[in-house]
Amino acid sequence: MSLIDIDDLSLFLGQGARRRKILDSISFSVEAGQTYGLVGESGSGKSTVLRCIAGLYRQWTGGIAVDGQTFRQADRLGWCRNVQMVFQDPYGSLHPKHQIEDILAEPLHIHKLDNIGERVGKVLDQVGLPGKFRYRFPHQLSGGQRQRVAIARAMVLRPSIVLLDEPTSALDVSIQAEILNLFMDLREELKLTYLLVSHDLSVIDHMCSAFAVMQAGRIVEVLTRDALENNEASAPYTRTLIEASERYDRDLALRQAEAEQA
Amino acid sequence: MSENSSSMSLREYLSSDTVTSMRQATAQRVYWSLRAFLGNPLAVFGLVVILAMILAAIFAPWIATHDPNAQNLSRALQPPGEENWLGTDELGRDIFSRIVYGSRISIYIVILVSVIVAPVGLVVGMAAGYFGGWVDRVLMRVTDIFLSFPSLILALAFAAALGPGIENAVIAISLTAWPSIARLARAETLTMRASDFIAAAQVSGASALRILRRHILPICVPSVIVRITLNMAGVLLTAAGLGFLGLGAQPPTPEWGAMTSAGRRFMIDSWWVVTMPGMAILVVALAFNLFGDGLRDVLDPRQSR
């Protein structure tokens, strides 16, 4: 049995004439300790899958199960302790009026855990933030530091699964590698399982052992890292994606534009 | 850090880059806000007038030169002079003392209205904005209904039904003042409902009540405080208007609006009877507006000019 099982997950959003199918029977599973990727262009529904798993959307159909327990059966706080999420934009994911201390202690207060001061200090240390940041406000921190705070907030409840929603795409290129390495270290240290959403194949290649390619709310293809390296991608969309990630090709861009018009 | 924090001067404590406690972080924020506020002379003027009014209200018996209700018909309608600084009214009562005592009533009304209006508006607005859907629709339609009452007319109706008096004036003003606060709180809540930091709180397992109280309230409060302060001028004017019409405070209470009303019969010959309480209303209403503007620049930088 896998740690995460997504079975026939579908989601509609909007009402009446504006009702749209966002996810179209998504199924995949993630083993414990694995980093599983979801790739696809903007609007393909990859972040939405994470938001469904995190419980931010409730109106989906199908099955989401962690450790054999389905979302519908699980008690909410227990689910939250097990499944945490890091958001894309560190400028939007930290409360502007809360100090770092408040931000990190808030989940601990919600779950009524003890030794709050100690736990906050420890998690700051784990994400590589010096203690002097503890009483700062988010606007006094750089983008990379903010993202470290967001990571610390996800880690402070000691989850086994962390959902990463494009965690580096809002960051400077020089910071991206640092943050990705931090994720790798934390995975070893805390025995984590990641579900990583990205539109950047090189990030996926760097982090993930297997990944699913999504397009228009559907999984087009599931690939392992080895298959990617051996150029075994079969779906035409995946091939285009790989080709596009290798270099900018004027012919490819033109072909894409024509295909979209047709 | 903690060893040398005791030897640190206050100035270093407030501007140091290495913050070592929550209290210091808060103190620093207050300090910088205060500095920004003090850089605005008009706002400081507003604050000084409001403080003077509050002090006058608290220490009225020591500040007033006469008993505000003591009549002295032999000294009726005296112009401003040494004995009566701002003159006397038609019953020989000292206008200065009456204005000083009148500040108690004005402050009482303004504070009472704010205390009623702010929580009601915040709760209704935040609930409507956060929950959306039918909760939003119901609450906002109720808000629309109250918003469409003209406050003075409603106050007239209250006075007719319950009898004139300060308490009824407060109820009438409050009933028409909370919807604007509710709309403001709803708008603020809507802008952040979809934001990632609210989603993060939800992922942490926070209940709706906790999110409203700990995450949404701190962002709504500054703009609500600013709006309430700016509203206070309007409240003061409505209260004075009710007093003028004889529906607010009743004689012999030294309410400013009632004083101008009583003096209007002698306006041609004895200008001070109307002018002095009128000036008090003008200055205080202006002070609330200036103070509110200054507060907005500090608390709500997005809306500043």
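This is a short exchange about a predicted model and the interface between its chains A and B.

Biologist: What makes a feature count in this predicted model?

Modeller: Local features need pLDDT of at least 70, side-chain atom pairs count only at pLDDT 80 or more, and totals for chains, interfaces and linings use all residues. Residues are numbered from 1 along each chain as its sequence is written, chains are lettered from A in the order in which they are written, and side-chain values use heavy atoms, with hydrogens and water left out.

Biologist: Why is the meeting of Arg51(A) and Asp196(B) called a salt bridge?

Modeller: The rule asks for a side-chain nitrogen of Lys or Arg within 4 Å of a carboxyl oxygen of Asp or Glu. Arg51(A) and Asp196(B) stand at 3.1 Å, N to O, so the pair qualifies. The count between chain A and chain B is 3 salt bridges.

Biologist: Which residues make the contact, and how many come from each chain?

Modeller: Contact means heavy atoms within 4.5 Å. Chain A gives 32 residues and chain B gives 23.

Biologist: How much area do chain A and chain B bury between them?

Modeller: About 2500 Å², with 55% of it on carbon and sulfur atoms. Buried area is the accessible area (1.4 Å probe) that two parts lose on being put together, summed over both.

Biologist: Why is Lys112(A) called exposed?

Modeller: Exposed means over 50% relative accessible area (1.4 Å probe, protein chains only). Lys112(A) has 73%, so Lys112(A) is exposed.

Biologist: And what makes Ala216(A) count as exposed?

Modeller: Ala216(A) has 59% relative accessibility, so Ala216(A) counts as exposed too. Its phi is near 50°, a positive value in a residue other than glycine.

Methods:
Buried means under 20% relative accessible area, exposed over 50%, partly exposed in between (1.4 Å probe, protein chains only).
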